[in-house]
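Q: Got a minute to go through this one with me? Let's start with a helix and then move to the sheet.

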Amino acid sequence: MTAPGPDGGLIAAFLLDGDGGGQPVGWDAVRDPAQGPLWVHLDYGSSLARDFIETDQRIPDALHEALLDSNPRPRSALFGDGLLVVLRSVNGNAEAEPEDMVALRMFVTERFVVTMRRRRLLAVQEIVDAVGRGEGPRSPAELPWWIIDNVNDRLRVVVEAIDEEADELEETLIAEARVELRGRIASLRRRAIALRRYLVPQKEALSRLAADKVSWLDEEARAGLREQAERLTRLLEDLDSARERAAVTQEELSHRQAERTGRTMYLLSIL
């Protein structure tokens, strides 16, 4: 349920029913600490959303800065019996660069979850829609697992595209096709570096999240989180491989161009 008004801040909120669905609720129910299990999804750019984060008794004071940080790095940490999780997801919005990654903040307890973003995040919107259909996570403990799975799915598509382009550049160079490769190689390396900037700390955050000792996180949820941490590790390895292959391709291209220049200068000196 979306809150009315341009400064509503409340993107969606559900009282989860334990079967994959939930009852949509508004600000009144969101502010009631007796409500639960409750998932609240906010636009942190709204003053109402910021006020809620800073005043709600379910959110520790020490978390306010982390949840409202405009440019956070991926991390996970224990706060009492709750978990802080900060992730970055590829930007799937129209006319956006995928490597311009969107930040997502989460605070998860046994009966309360708040997620926050500034730009539209498809990885979370899909779960909002799934809960509306009765096909979403059954509890707050399952929600991070679902979100991370969606984030990794989108990362996989982008990393695979970079990997395929690295293969194509290698093949083009081997075939000595007459195309300008330098700009494409530089673009690929730039995209890989931009993704890696967030994926390295994100891998560490997921590994720590799977190992954190939280009483309400059952073994099924832990196993799911461990699997997502392993998925991200493999994606990061593929990204590093593509980046290294692009660097080798660039070196070979520079070497061949230097050879051509050398031959040309030699011929000119003879003439």
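Q: Which residues are buried in α4?
A: In α4, Ala123, Val124, Ile127, Val128, Ala130 and Val131 are buried. Buried means under 20% relative accessible area, exposed over 50%, partly exposed in between (1.4 Å probe, protein chains only). These buried residues cover an arc of only 160° around the axis, which puts them on the same side of α4. The arc is that of the directions from the helix axis to the C-beta atoms.

Q: And which are exposed on the other side of α4?
A: Gly132 and Arg133.

Q: Where do helix and strand names come from?
A: Helices (H or I, at least four residues) and strands (E, at least two) are DSSP runs, numbered from the N terminus.

Q: Is this model predicted, and what are the ground rules?
A: This is a predicted model: local features need pLDDT of at least 70, side-chain atom pairs count only at pLDDT 80 or more, and totals for chains, interfaces and linings use all residues. Residues are numbered from 1 along each chain as its sequence is written, and side-chain values use heavy atoms, leaving out hydrogens and water.

Q: New topic. What order do the seven strands take in the open sheet?
A: β2-β1-β3-β7-β6-β5-β4, with mixed pairing. Two strands pair if DSSP finds at least two bridges between them.

Q: Which strands stand at the edges?
A: β2 (22-24) and β4 (75-79). Each has a single partner strand, so one side of each lacks a neighbour in the sheet.

Q: How many bridges join β1 to β2?
A: Three, and the two strands run antiparallel. Leucine 16 has glycine 22 in β2 as its bridge partner.
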